[in-house]
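Work through the exercises below with the structure open. Each task is followed by a solution in steps.

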Amino acid sequence: MDTMTLSPVTLENAFVRLDPLEERHREPLREAGNDPDLWRFANVNLDNTNFDAWIDHRLTETVKSGDLTWAVFDKASNSYAGSTSYLAVVLAHKRLEIGWTWYAKRVWAGPVNPSCKRLLLAHGFDTLGMNRMELKADARNQRSCKAMERFGAKFEGIHRSHMVRPDGRLRDTAWFSVIAEEWPGVRDGLDARLAAFSGAGE
C-alpha cells in the first residue's frame with residue numbers, strides 16, 4: 001500500500017480560506033463551536049462536553065494517520081467559523097474521505113459549506129488525482145445527509161451498527177461519494193450556487 005502522506009495546503013476562494021489546523025486555532029475554533037447542538041452527532045466532543053479532546057484528536061491524527069484538517073475562515077465575518085478534514089486517505093487506491101466537518105450556525109445556509117466542498121473536491125480530483133471522494137454521516141443526521149445530496153454526492157447506503165458512540169449508542173452510518181467522472185457536473189452545480197451568492201452581495 002502507498003504510505004505517502006498528503007502535504008498541508010491552504011485553499012481559498014472569495015468566501016472562505018481553509019488554513020491547515022494548528023495550535024493557534026484552538027481558541028478561535030472553541031468560540032465558533034461553543035454550541036452543544038453542533039456536536040449532537042459527534043464521536044469526539046459529544047454535545048460539546050470536551051472541545052479540547054476534539055482539537056487534540058485532529059492535531060494528533062494529522063501526524064499519526066496522515067489526515068489533513070483545516071480551520072475554516074469566513075471572510076464575511078473575518079473570523080473562524082468551523083473545521084473540515086481529509087481522512088481515511090488511501091493513495092494507492094486514489095480515494096479519501098471528507099469529514100469531521102462542522103460550522104457555526106451563523107454561516108449555515110450561506111456560501112461557506114458549498115465553498116469548502118468546492119475547494120476540497122477540486123483539490124482532491126484536480127490536484128491529487130483522486131478517483132473517489134467519500135462522505136459519511138450518522139443516519140439520523142438528516143440535515144447533513146440532505147446537504148451532501150444537494151451538492152451532488154451519491155447516496156450509497158447504510159452501514160448498520162457501524163460505530164459505537166461515546167454515549168454507548170450504536171450508530172448507523174449513511175455513506176455518500178463523488179467519483180471522478182461525476183466531478184465536472186458537481187463542480188458546475190457548486191459554481192452556480194456560489195455565483196448566486198456572489199450576485200446577492202452586489
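The exercises cover strand pairing and the nonpolar cores of this predicted model.

**Exercise 1.** Determine which strands pair with β4, and in what sense.

Solution.
1. Locate strand β4 at residues 79–90.
2. Take β3, residues 68–74: seven bridges link β3 to β4, and the pairing is antiparallel. One position to check is A71, which lies opposite S83 of β4.
3. Take β5, residues 95–103: β4 and β5 also run antiparallel, joined by six bridges. Here G82 has Y103 of β5 as its bridge partner.

**Exercise 2.** Find the residue with a positive phi in each hairpin that involves β4.

Solution.
1. Between β3 and β4 there are four residues, and in this turn N78 has a positive phi of about 55 degrees.
2. The hairpin of β4 and β5 likewise has four residues between its strands. Its residue with a positive phi is K94, near 55 degrees.

**Exercise 3.** Decide whether β4 is mostly covered or mostly open.

Solution.
1. Buried means under 20% relative accessible area.
2. By this cut-off nine of the twelve residues of β4 are buried, so the strand is mostly covered.

**Exercise 4.** Describe the largest nonpolar core and the surroundings of I98.

Solution.
1. The largest nonpolar core holds 37 residues; I98 is among those with the most contacts inside it, as are Y86, L121 and M133.
2. Helix α3, residues 112–127, contributes the most to this core, with seven residues.
3. Leaving aside residues up to four places away in sequence, I98 touches residues including Y86, L121 and M133.
4. A further core of 14 residues lies apart from the largest one and includes L21, L29, F51 and W54.

Note on methods. Residues are numbered from 1 along each chain as its sequence is written. This is a predicted model: local features need pLDDT of at least 70, side-chain atom pairs count only at pLDDT 80 or more; totals for chains, interfaces and linings use all residues. Side-chain values use heavy atoms; hydrogens and water are left out. A nonpolar core is a set of buried Ala, Val, Leu, Ile, Met, Phe, Trp, Tyr and Cys residues joined through side-chain atoms within 4.5 Å. Buried means under 20% relative accessible area, exposed over 50%, partly exposed in between (1.4 Å probe, protein chains only). Helices (H or I, at least four residues) and strands (E, at least two) are DSSP runs, numbered from the N terminus. Contact means heavy atoms within 4.5 Å. Two strands pair if DSSP finds at least two bridges between them.
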